[in-house]
Amino acid sequence: MKSKDMDELKKKLTPIQFEVTQNNGTEPPFRNDYWNETREGIYVDIVSGKPLFSSKDKFDAGCGWPSFTKPLEEDEIEEKQDYTHFMIRTEVRSKTANSHLGHVFNDGPDPTGLRYCINSASLRFIPKEELEKEGYGNWLEMFHK
């Protein structure tokens with residue numbers, strides 16, 4: 001990303017949002033916006049606005065970060081091997097903005113067995129009632145099933 005674009009992003013995002021999405025940071029567990037969010041809605045990339053996850057796939061993993069069994073659109077998620085912190089993990093990034101989102105683990109519930117452990121700072125939550133107004137009306141139908 002060009003430095004001009006990076007400067008614009010620094011103005012748009014909070015320091016923790018920038019640290020997480022651009023520098024592969026991690027926010028503190030249990031002290032972030034969405035770990036205990038229970039309303040219906042979707043979670044979009046804080047940088048690009050692309051839909052990433054749904055409350056329908058969210059579950060309480062007890063880890064202190066929002067956890068999901070699957071992404072809304074597989075095409076918008078990229079997975080990369082992460083060898084930092086003396087561990088082998090699978091990093092999750094958004095494709096369009098290349099934002100660091102978190103990691104995916106194989107200890108989730110059915111039906112996927114996956115746990116997408118995602119930093120709240122990389123997300124913006126849009127409640128079901130605001131989907132139409134925010135330009136995400138095409139996702140409303142999933143909450144009427």
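This report describes the sheet, the salt bridges, a charged surface patch and several backbone features of a predicted model.

## The sheet

The model contains an open sheet of 6 strands, arranged in the order β3-β4-β8-β7-β6-β5 with antiparallel pairing. Its edge strands are β3, residues 58–59, and β5, each of which pairs on one side only. Strands of a sheet pair through backbone hydrogen bonds, in either a parallel or an antiparallel sense.

At one end of the order, β5 pairs with β6, which spans residues 89–94, in the antiparallel sense over 6 bridges. Within this pairing, Glu 79 has Val 92 of β6 as its bridge partner.

Strand β8 has pairings with both β4 and β7. The antiparallel strands β4 and β8 are joined by 2 bridges, and Ser 67 stands opposite Cys 117 of β8. The pairing of β7 with β8 is antiparallel and comprises 4 bridges; here Val 104 has Tyr 116 of β8 as its bridge partner.

Which residues of β8 point one way, and which the other? Arg 115 and Cys 117 point one way from the strand, while Tyr 116 and Ile 118 point the other way. All four of these residues are buried. Cys 117, which has Ser 67 opposite, and Tyr 116, the partner of Val 104, thus point in opposite ways from β8.

## Salt bridges

The structure holds 7 salt bridges. The table gives three of them, with the N to O separation in each case.

| Residue | Partner | N to O distance |
|---|---|---|
| Glu 37 | Arg 39 | 2.7 Å |
| Asp 82 | Arg 89 | 3.2 Å |
| Arg 93 | Glu 91 | 2.5 Å |

The accessibility of the paired residues can be set beside these distances. Glu 37 is classed as buried because its relative accessible area is 15%, under the 20% limit for that class. Its partner Arg 39 has a relative accessible area of 44% and is therefore partly exposed.

For the pair Asp 82 and Arg 89, are the residues buried or exposed? Asp 82 is buried, with a relative accessible area of 10%, and Arg 89 is buried as well, at 16%. In the third pair, Arg 93 has a relative accessible area of 7% and is buried; Glu 91 is likewise buried, with a value of 8%.

Arg 89 also serves as a reference point for a separation across the model. The C-alpha atoms of Thr 14 and Arg 89 are 26 Å apart, and the two residues are separated by 75 residues along the chain. Thr 14 is located in the loop between α1, residues 3–12, and α2, residues 15–23. Because its relative accessibility is 37%, Thr 14 counts as partly exposed.

## The negative patch

Glu 73, Glu 74, Asp 75 and Glu 79 form a negative surface patch. One of these residues, Glu 73, belongs to the loop between β4, residues 67–68, and β5, residues 77–82. Glu 73 has a relative accessible area of 36% and is therefore partly exposed; this value also meets the requirement of over 30% for patch residues. Another member of the patch, Glu 79, is the residue whose bridge partner in β6 is Val 92. The patch thus includes a residue of the β4–β5 loop together with a residue that takes part in the sheet pairing.

## Backbone features

Most residues other than glycine have a negative phi, and most peptide bonds are trans. Against that background, three places in the backbone merit attention.

Asn 24 is not a glycine, yet has a positive phi of about 60°. Phe 30, also not a glycine, has a positive phi of about 65°. Where do Asn 24 and Phe 30 lie? Asn 24 is placed in the loop between α2 and β1, the latter being residues 41–45, and Phe 30 is placed in the loop between α2 and β1 too. Asn 24 is partly exposed, since its relative accessible area is 44%. Phe 30, with a relative accessible area of 42%, is partly exposed.

The third place is a peptide bond: Asp 110 and Pro 111 are joined in the cis form, with omega about 10°. Pro 111 is situated in the loop between β7, residues 100–105, and β8, residues 115–118. The strands on either side of this loop are paired with each other in the antiparallel sense.

Notes:
Residues are numbered from 1 along each chain as its sequence is written. This is a predicted model: local features need pLDDT of at least 70, side-chain atom pairs count only at pLDDT 80 or more; totals for chains, interfaces and linings use all residues. Side-chain values use heavy atoms; hydrogens and water are left out. Patches are made of residues with over 30% relative accessible area and no salt bridge: like charges are joined within 9 Å, nonpolar side chains (Val, Leu, Ile, Met, Phe, Trp, Tyr) within 5 Å. Accessible areas come from the Shrake-Rupley method with a 1.4 Å probe; for residues, only the protein chains shown count as cover. A salt bridge is a side-chain nitrogen of Lys or Arg within 4 Å of a carboxyl oxygen of Asp or Glu. Lys and Arg count as positive and Asp and Glu as negative; His and the chain ends are not counted. The place of a charge is taken as NZ of Lys, CZ of Arg, CG of Asp or CD of Glu. Buried means under 20% relative accessible area, exposed over 50%, partly exposed in between (1.4 Å probe, protein chains only). Two strands pair if DSSP finds at least two bridges between them.
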